[in-house]
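Visitor: I am new to this structure and would like to look closely at a single part before I try to take in the rest. Could you begin with one side-chain contact and lead me outward from there?

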Amino acid sequence: MKLKVTILLILSVINCKAQGFTKKEPMDTFDINTFDKHKDHLSRYNYIRKDSTVVEQRTWQFGYEEVIMPKNNLIHTFNKYNEDGKLMLTGDFFPNDFEKGIWKEYDEQGNLIKETNYDAPYKFTWEEVLEWIKERNINMESDYLIIARGSDESGTSWDITWEKENKSSLRRAFIDGITGKIIKEFDQEYPLDE
């Protein structure tokens, strides 16, 4: 009986302490010492992890930034840290084209203060776009591949540009971001060299 009372007492104390506190997300920190040891003259440090993930780190006006690029994954992760190395912002993105998934912002104490779900408007998902590309045998390694997306009051869509197999021109398709149906598809000339 004493054991039951003791356990109940401990559980009630734990519950009381938990009330009224903001739940914190796990707080990532930037390894400033390692960065300072290895950074180059432009305040950048790039390295490869054991799993072949490439990590690019650099300074910015108010702290540090890093981009994490897993091997064989088109989606990269961006992290922004303050000058003390505390995580301020994190999220995934498709390079040079769009933010993906849920991006999170934190305050100085590590509390989650904002979440933005960039995938919310898209019922035709990133994974379905990749399947669409695969079905058409589009070269994912091509320098001409562009995958962009947009959503506003006029609608939600994916915009995909790729090099045709015969390399005669580019092909471009606008895909409805809700239904996955092709809105428009056409050939397009290569961009002019500047």
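Guide: The side chain of Q57 reaches the side chain of E66 in a polar contact of 2.9 Å, where a polar contact is a pair of N or O atoms within 3.5 Å, one of which, within protein, must be able to donate a hydrogen and the other to accept it, while residues adjacent in sequence count only if both atoms are side-chain atoms. Please keep in mind that this is a predicted model, in which local features need pLDDT of at least 70 and side-chain atom pairs count only at pLDDT 80 or more, whereas totals for chains, interfaces and linings use all residues. Residues are numbered from 1 along each chain as its sequence is written, and side-chain values use heavy atoms, with hydrogens and water left out.

Q57 belongs to strand β2, which covers residues 54-60; strands (E, at least two residues) and helices (H or I, at least four) are DSSP runs numbered from the N terminus. Q57 counts as buried because its relative accessibility is 7%, buried being under 20% relative accessible area, exposed over 50% and partly exposed in between, with a 1.4 Å probe and protein chains only. Apart from residues up to four places away in sequence, Q57 touches F30, F35, S43, R44, Y45, N46, Y47, E65 and E66, a contact meaning heavy atoms within 4.5 Å.

One of the residues that Q57 touches, S43, deserves a second look, since its phi is near 60°, a positive value in a residue other than glycine. S43 sits in the loop between α2 (32-38) and β1 (44-48). The loop between β1 and β2 holds S52, which likewise is not a glycine and has a positive phi of about 75°. S52 counts as partly exposed because its relative accessibility is 31%.

Further along the chain come strands that pair, which requires that DSSP find at least two bridges between them. Strand β5 (residues 87-94) and strand β6 (residues 98-106) are joined in the antiparallel sense by 5 bridges, with F93 opposite E99 of β6. Their hairpin has 3 residues between the strands, and there N96 takes a positive phi near 65°. β6 also pairs in the antiparallel sense with strand β7 (residues 112-117), over 5 bridges, and W103 has T116 in β7 as its bridge partner. In this hairpin, with 5 residues between the strands, G110 takes a positive phi near 90°.

N96 appears again in the lining of the largest pocket, along with N73, L74, H76, F94, P95, D97, M140, E141, S142 and L145. A pocket here is an open set of points on a 1 Å grid over the protein atoms alone, where a 1.4 Å probe fits and protein lies on both sides within 12 Å along at least five of seven lines, and lining residues have an atom within 4 Å of a point. The space in this pocket is about 270 Å³, a volume being the space filled by probe spheres set on the points, which are joined across faces, edges and corners. Its lining divides into 5 nonpolar, 4 polar and 2 charged residues; Ala, Val, Leu, Ile, Met, Phe, Trp, Tyr, Cys and Pro count as nonpolar, Asp, Glu, Lys and Arg as charged, and the others, Gly among them, as polar. The second largest pocket, of about 160 Å³, has S142 in its lining too, together with others including R136, W162 and K167, and its lining divides into 2 nonpolar, 3 polar and 5 charged residues.

Strand β9 (residues 155-163) offers another side-chain contact to set beside that of Q57, for T156 lies in this strand and a polar contact of 2.7 Å joins its side chain to that of S151. T156 is buried because its relative accessible area is 14%. S157 also lies in β9, and its C-alpha atom is 8.6 Å from that of I183, a residue 26 places away along the chain.

Seen as a whole, the chain has 3 helices and 11 strands, and 31% of its 194 residues count as buried.
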